[in-house]
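Colleague: Could you take one part of this model, examine it closely, and then place it in the setting of the whole chain? I would value a single connected account.

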Amino acid sequence: MNTAAEQTITVHRTSVPAANPAPSSGPWTVEAIQALLDKPLLDLVYEAQTVHRQHWPAGDIELATLLSVKTGGCPENCGYCPQSAEFDTGVKAQKLMEVDEVVHAAQAAKDAGATRFCMGAAWRAPKDRDIEKMSELISAVKELGLQTCATLGMLEAHQAQALRDAGLDYYNHNLDTAPEYYTDVVSTRAYQDRLDTLRNVRAAGISVCCGGIVGMGEAPVHRAGLIAQLANLDPYPESVPINSLVRVPGTPLADSDPIDPLDFVRVIAVARITMPKARVRLSAGRQQLGEAVQALCFMAGANSIFYGEKLLVTGNPDTEADEQLLAKLGLRGHRTTSTEAHDLHHHHHHGEGACA
């Protein structure tokens with residue numbers, strides 16, 4: 001590889017080259033990340049694609065499907081979320097789905113090409129009896145040969161261990177935004193609560209899926225701050241979903257100015273550069289981006305999408321449109337082999353799905 005390309009990769013690192021195989025090569029400063037975000041767009045996308053090709057096979061896109069297994073009625077007041085009991089968004093609180101319903105949905109997702117199945121439940125923190133029921137769902141989905149992911153709110157250490165014992169591969173718990181902006185979005189819990197849950201998940205040997213949302217009225221420095229938080233987790237998440245806010249009427253953030261689509265591409269690119277081995281997922285809001293911007297996101301290192309009928313409560317492009325887009329771009333859905341799924345617990349080289 002020529003040295004000029006190599007220099008473009010390492011120029012923002014203070015000490016260790018970005019191509020370092022270690023899981024974490026020193027803390028990223030918010031300033032260094034801001035400098036990346038501010039680069040000329042084509043230079044940034046070129047750098048991100050260069051990093052991407054060093055760590056991932058070209059054209060490989062993971063297809064992950066997300067099902068809301070317990071919708072609505074959450075006591076948290078996250079300003080972006082239609083499932084909060086505080087906001088009138090037309091979402092009715094429902095009880096946890098039955099095993100056969102979930103298995104039916106998971107089988108349909110698998111038949112459509114998904115390799116990862118994420119189950120979301122609108123709890124602040126599950127009770128132990130909820131964990132028992134979720135363990136049944138996880139085991140049943142796992143038996144279909146899918147990778148399993150769950151996003152259930154805050155977890156205690158023994159709960160994370162119980163989910164791991166049931167066969168959970170990934171746990172999603174997003175940091176949402178930079179710590180200093182978090183209090184503008186949520187007041188019912190603290191940023192440290194998020195970090196504590198991630199620590200419990202890691203300790204149980206579950207892979208981490210953790211990303212955030214842009215377009216919530218945050219300043220550019222908050223986007224840099226979010227990526228710094230994610231990239232400096234040790235190790236950084238196996239899976240990093242980047243969501244563009246879906247503005248749901250009735251939520252406090254319904255009137256936020258949408259993020260400029262090219263700024264969204266920049267966030268994807270910088271996530272790829274700072275977390276080379278993570279699956280970077282195009283998550284909520286991508287249908288509003290259009291095909292050309294999604295293509296730029298793939299060029300900038302996105303290699304996972306939420307795929308299928310229902311992304312929690314905001315809907316997602318249907319599978320056919322996704323298949324046509326991937327075909328148009330010459331990309332292909334990632335196929336997990338059974339041995340690879342087995343190896344995941346040891347190598348943690350694929351990342352998982354997050355809710356909006």
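Modeller: A strand, as the word is used here, is a DSSP run of E with at least two residues, and strands are numbered from the N terminus. In this predicted model, the strand chosen for the close look is β2, which covers residues 116–121 and contains Ala121.

Ala121 has a relative accessible area of 9%, and since a residue counts as buried under 20%, Ala121 is therefore buried. Once residues up to four places away in sequence are set aside, Ala121 touches Val69, Lys70, Thr151 and Leu152. A further pairing is with Met97: the two C-alpha atoms are 9.7 Å apart in space, while the residues are 24 apart in sequence.

One of these partners, Val69, leads from the strand to the interior. Apart from residues up to four places away in sequence, Val69 touches Lys95, Leu96, Met97, Val102, Met119, Gly120, Ala121, Met134 and Leu137. Met97 is thus among the residues that touch Val69, besides being the residue paired above with Ala121. The largest nonpolar core has 93 residues, and Val69 and Leu163 touch the most other members. Helix α10, residues 261–274, gives the most to this core, with 8 residues. A second core, separate from that one, has 6 residues and includes Ala64, Cys118, Tyr170 and Phe306.

Leu163 and Met134 both reappear where two helices meet. In that contact, Asp128, Ile131, Met134, Ser135 and Ile138 belong to α5, and they meet His158, Gln159, Ala162 and Leu163 in α6. Two packed helices are described by the angle between their axes and the distance between the axes. For α5 (residues 128–143) and α6 (residues 157–165), the angle is about 20° and the axes are 9 Å apart. Angles under 35 degrees count as roughly parallel, and α5 and α6 are therefore roughly parallel to each other. The crossing in which α5 passes α6 is right-handed.

Helix α10, the leading contributor to the largest core, takes part in two further packings. With α11 (residues 290–299), its axis comes within 9 Å and the crossing angle is roughly 20°; α10 and α11 are therefore roughly parallel to each other. Here too the crossing is right-handed, as α10 passes α11. The residues that meet are Pro261, Leu262, Phe264, Val265 and Ile268 from α10, and Val293, Leu296 and Cys297 from α11.

The other partner of α10 is α9, and their axes are 10 Å apart at an angle of about 25°. That value makes α9 roughly parallel to α10. α9 passes α10 in a right-handed crossing, and the contact brings Arg223, Ile227 and Ala231 of α9 to Asp263, Val267, Val270, Ala271 and Thr274 of α10.

Helix α9 also offers a second buried alanine for consideration. Ala228 is located in this helix, which runs over residues 220–231, and Ala228 is buried, with a relative accessible area of 5%. Beyond its neighbours within four places in sequence, Ala228 is in contact with Trp28, Val30 and Ile33. The C-alpha atoms of Ala228 and Glu31 are 9.3 Å apart, although the two residues are separated by 197 positions in sequence.

Two backbone features deserve mention against a general background: most residues other than glycine have a negative phi, and most peptide bonds are trans. The peptide bond from Asp234 to Pro235 is cis, with omega near 0°, and Pro235 lies in the loop between α9 and β7, a strand of residues 239–244. Asp176 has a positive phi, near 70°, and is not a glycine. The loop that holds Asp176 joins β4 (170–172) and α7 (179–185), and Asp176 is buried there, with a relative accessible area of 1%.

Finally, the whole chain supplies the setting. Its secondary structure comprises 13 helices and 10 strands, and buried residues account for 58% of its 356 residues. Among contacts with a separation of 6 or more, 76% join residues 24 or more positions apart. The chain exposes about 14300 Å², of which carbon and sulfur atoms supply 54%.

Conventions. Residues are numbered from 1 along each chain as its sequence is written. This is a predicted model: local features need pLDDT of at least 70, side-chain atom pairs count only at pLDDT 80 or more; totals for chains, interfaces and linings use all residues. Side-chain values use heavy atoms; hydrogens and water are left out. Helices (H or I, at least four residues) and strands (E, at least two) are DSSP runs, numbered from the N terminus. Buried means under 20% relative accessible area, exposed over 50%, partly exposed in between (1.4 Å probe, protein chains only). Contact means heavy atoms within 4.5 Å. A nonpolar core is a set of buried Ala, Val, Leu, Ile, Met, Phe, Trp, Tyr and Cys residues joined through side-chain atoms within 4.5 Å. Accessible areas come from the Shrake-Rupley method with a 1.4 Å probe; for residues, only the protein chains shown count as cover. Axes are lines fitted to C-alpha atoms, for helices over the stretch in contact, and angles run from 0 to 180 degrees between N-to-C directions. Angles under 35 degrees count as roughly parallel, over 145 as roughly antiparallel, 65 to 115 as roughly perpendicular and the rest as oblique. A crossing is left-handed if the near helix is turned anticlockwise from the far one by less than a right angle, and right-handed if clockwise.
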